[in-house]
Amino acid sequence: MKAAYDHNCRKLWIANVHDPKVAAYDLELFLDMAWDIESLTPSPSPKERGVFTLNQHLENWLCTQFGAEVGHAIAPAMREFYRLNGIRRPEFMGWTQVELDKKKYPGGKSVPSKTEFTRKQAFERMNDFAKIEATVDVYSQMIPEYLQDAYFAHVLYPVHASAAMTRKMLSKNGKDYNLIQMLTEHYNTMNNGKWKGLMSAAPRDLPVFAPNVHTELPQHPSGGPCIARNACDNLKLETSNLKPQPIQMLGHSMQAVSLPKGGELVYEFDSPIEGDAVLRTAMIPTQPSDKGDLRYEVRIDDQTPVVISLKEPYRSEQWKKNVLRCQALKQTPIRLTKGSHKLYIKALDDHIIVDQWMVDFNKEREFYVIPIK
């Protein structure tokens with residue numbers, strides 16, 4: 001689903017929805033915001049009648065569709081489902097792309113390459129999906145017969161298909177390919193085939209959906225000390241008149257922080273050793289809407305600030321990687337002494353959204369998910 005919103009007059013809202021059934025919740029959120037933008041808040045605030053956070057909005061929708069008991073029970077699992085897929089959609093686990101040079105790639109489609117998930121992260125990801133599956137399966141038994149198809153379409157199918165595709169890509173489990181075919185067949189035969197053809201087990205016939213296609217995991221461990229935080233963790237604001245805005249269900253952290261132009265985030269941390277390191281800042285990948293730039297600066301203590309731009313040429317390799325990762329990951333070389341330090345992140349333009357950061361003494365570390373501890 002694609003949407004446009006006129007920030008000046010708040011009158012023009014446009015949604016391009018190919019399959020309303022598949023995008024049911026997304027469309028509900030869009031329409032509720034279009035009807036009354038003040039009815040939702042991106043993060044908890046003083047309670048007002050009729051104002052909901054994004055977490056509450058999702059939970060309310062689930063309660064409306066499947067009853068209060070089931071809705072409240074599965075809401076945390078569905079938020080976790082959105083978190084995992086927001087970090088990485090399973091079919092993109094191996095950095096596959098389309099619309100490439102057909103002279104180099106058959107049909108202009110690439111096959112998966114090595115993922116950046118470590119073995120530990122891959123195991124944790126599959127385990128997290130298994131927990132979600134167990135929750136939604138348990139509560140499926142409480143769904144009345146007339147809602148079983150709806151529960152399958154909006155909960156069971158996306159959860160189990162995502163989990164199976166994740167296992168297929170990361171653990172080379174051939175059984176999960178067959179499971180995806182069975183799930184998709186059931187979707188297309190529900191209600192006497194009312195939605196036949198709506199769901200595909202291999203969208204656009206991409207190579208990644210073939211039975212024996214998977215990705216490779218890094219072969220060596222990534223050691224060495226690092227300090228990593230979500231942007232919303234223990235943040236301290238020194239410019240009090242420019243308040244940051246944590247946004248629920250956004251970013252790998254599910255609480256990315258929108259920083260207004262001129263606003264500055266300050267974090268205190270302790271370095272366990274002295275030496276050269278790299279500062280990795282993970283931002284929400286956006287493009288400037290005013291033909292300007294997307295700059296922010298980082299600074300350690302009283303060291304010279306370093307200016308970083310998030311602006312990337314459209315369809316450049318880095319732009320594609322940012323979109324697939326759902327993060328723009330920037331690296332800045334730094335040197336630290338052992339002991340306490342402060343990290344400053346300051347927005348030099350509008351639309352800067354900070355997700356996570358990491359001070360890493362292993363410059364060659366292989367990882368996909370920033371190892372928050």
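**Exercise 1.** Determine which residue of S12 is the bridge partner of Tyr296, and place the strands S11 and S12 in their surroundings.

*Solution.* In this predicted model, the bridge partner of Tyr296 in S12 is Ile308, where strands are DSSP runs of E with at least two residues, helices are DSSP runs of H or I with at least four, and both are numbered from the N terminus. Residues are numbered from 1 along each chain as its sequence is written, local features need pLDDT of at least 70, side-chain atom pairs count only at pLDDT 80 or more, totals for chains, interfaces and linings use all residues, and side-chain values use heavy atoms, with hydrogens and water left out.

Next, S11 (residues 295-300) and S12 (residues 306-309) run antiparallel and are joined by four bridges, two strands being paired if DSSP finds at least two bridges between them. Five residues lie between the strands of this hairpin, in which Asp301 takes a positive phi near 55 degrees.

Finally, five of the six residues of S11 are buried, so this strand is largely enclosed by the rest of the structure; buried means under 20% relative accessible area, exposed over 50% and partly exposed in between, with a 1.4 Å probe and protein chains only.

**Exercise 2.** Work out how S14 is joined to S11 and to S9.

*Solution.* Start with S11, which runs antiparallel to S14 (residues 339-347) and is joined to it by five bridges; here Val298 stands opposite Ile345. Then turn to S9 (residues 264-271), which is mostly covered, with six of its eight residues buried. S9 and S14 also run antiparallel, joined by eight bridges, and Phe269 stands opposite His341.

**Exercise 3.** Establish whether Ser162 is buried or exposed, and describe the packing of H4 and H5.

*Solution.* Ser162 lies in helix H5 (residues 148-171) and counts as buried because its relative accessibility is 12%. Leaving aside residues up to four places away in sequence, Ser162 touches Phe81, Asn85, Pro90 and Phe129, contact meaning heavy atoms within 4.5 Å.

For the packing, H4 (residues 119-140) and H5 meet at an angle of about 160 degrees, with their axes 10 Å apart; axes are lines fitted to C-alpha atoms, for helices over the stretch in contact, and angles run from 0 to 180 degrees between N-to-C directions. The two helices are therefore roughly antiparallel, since angles over 145 degrees count as such, under 35 as roughly parallel, 65 to 115 as roughly perpendicular and the rest as oblique.
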